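Here are my notes from a pass through this one. Have the structure open while you read, and skip around as you like.

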Amino acid sequence: MTEMSYLDGNMLDGPMRELFTVDLSSATGRCENCGMTGSMASLHVYSHAPGLVARCPSCEQVMLRLVRGPDRAWLDMRGTTFLQVPMPMEQPFPGPL
């Protein structure tokens, strides 16, 4: 393996902050279990647990779990193979230095 220059994970703060300030209901995700692709708005969300559980509308497998505490949140997306988020064409990510 050749040595490559890298930035530490703090570099992700800006791009991730931008990503999670958009409306995710229009984002598209794919179910890891059945492969169904659809909008996050189409998920079946159950809120009568300590957090939110979002299930695939096709096979009912869990795609997302979100638990909010007083000072933090936990997001588990193990049931989602990808999440495609529409982004405005405003500011590109920084390139290599």
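1. Is V62 buried or exposed? V62 counts as buried, because its relative accessibility comes to 17% and the cut-off for buried is under 20%. Do keep in mind throughout that this is a predicted model.

2. While we are on V62, here is where to find it. The residue belongs to strand β5, which covers residues 62-68. Leaving out neighbours within four places in sequence, V62 is in contact with V53, A54, R55 and G79. If you want a distance to check, take V62 and L43: they are 19 residues apart along the chain, and their C-alpha atoms are separated by 9.5 Å.

3. Next, the core. Nine residues make up the largest nonpolar core, namely A27, C31, M40, L43, A54, C56, M63, L64 and V85. Two names from the previous point turn up again here, since A54 is one of the contacts of V62 and L43 is the other end of that 9.5 Å C-alpha distance.

4. A27 is a handy core member to click on. Not counting residues up to four places away in sequence, A27 touches G38, S39 and M40, and also L83, Q84, V85 and P86. Of these, M40 and V85 are listed in the core as well.

5. Now for a sheet. Three strands form an open sheet in the order β2-β1-β7, and the pairing is antiparallel. The edges are β2 (37-39) and β7 (80-84); each has a single partner strand, so one side of each is left without a neighbour in the sheet. On average, neighbouring strands here are turned by 25° against each other, direction ignored.

6. Zooming in on one pair in that sheet, β1 (residues 28-31) and β7 run antiparallel and are joined by four bridges. For a quick check of the register, look at T28, which stands opposite Q84 in β7. In general, strands of a sheet pair through backbone hydrogen bonds, parallel or antiparallel.

7. Salt bridges: there are four in the structure. One of them links the side chains of R17 and D13, at 3.0 Å from N to O. Both residues are in helix α1 (residues 13-19), and because they are four residues apart, about one helical turn separates them. R17 counts as exposed at 54% relative accessibility, while D13 is partly exposed at 43%.

8. Another one joins D71 and R72, with the closest N and O atoms 3.1 Å apart. D71 is exposed, at 57% relative accessibility. R72 has a relative accessible area of 45% and is partly exposed.

9. The pair I would spend time on is R78 and D76, whose side chains meet in a salt bridge at 2.5 Å, N to O. The partners contrast in accessibility: R78 is exposed at 61%, whereas D76 is buried at 16%. Salt bridges with shared partners tie R65, D76 and R78 into one network.

10. Finally, the surroundings of D76. This residue lies in strand β6, residues 73-76. Setting aside residues up to four places away in sequence, D76 touches M63, L64 and R65. M63 and L64 are both listed in the largest nonpolar core, and R65 is part of the salt-bridge network. So which side chain makes a polar contact with the side chain of D76? That of R78 does, at 2.5 Å.

Conventions: Residues are numbered from 1 along each chain as its sequence is written. This is a predicted model: local features need pLDDT of at least 70, side-chain atom pairs count only at pLDDT 80 or more; totals for chains, interfaces and linings use all residues. Side-chain values use heavy atoms; hydrogens and water are left out. A nonpolar core is a set of buried Ala, Val, Leu, Ile, Met, Phe, Trp, Tyr and Cys residues joined through side-chain atoms within 4.5 Å. Buried means under 20% relative accessible area, exposed over 50%, partly exposed in between (1.4 Å probe, protein chains only). Contact means heavy atoms within 4.5 Å. Helices (H or I, at least four residues) and strands (E, at least two) are DSSP runs, numbered from the N terminus. Two strands pair if DSSP finds at least two bridges between them. Axes are lines fitted to C-alpha atoms, for helices over the stretch in contact, and angles run from 0 to 180 degrees between N-to-C directions. A polar contact is a pair of N or O atoms within 3.5 Å; within protein, one must be able to donate a hydrogen and the other to accept it, and residues adjacent in sequence count only if both atoms are side-chain atoms.
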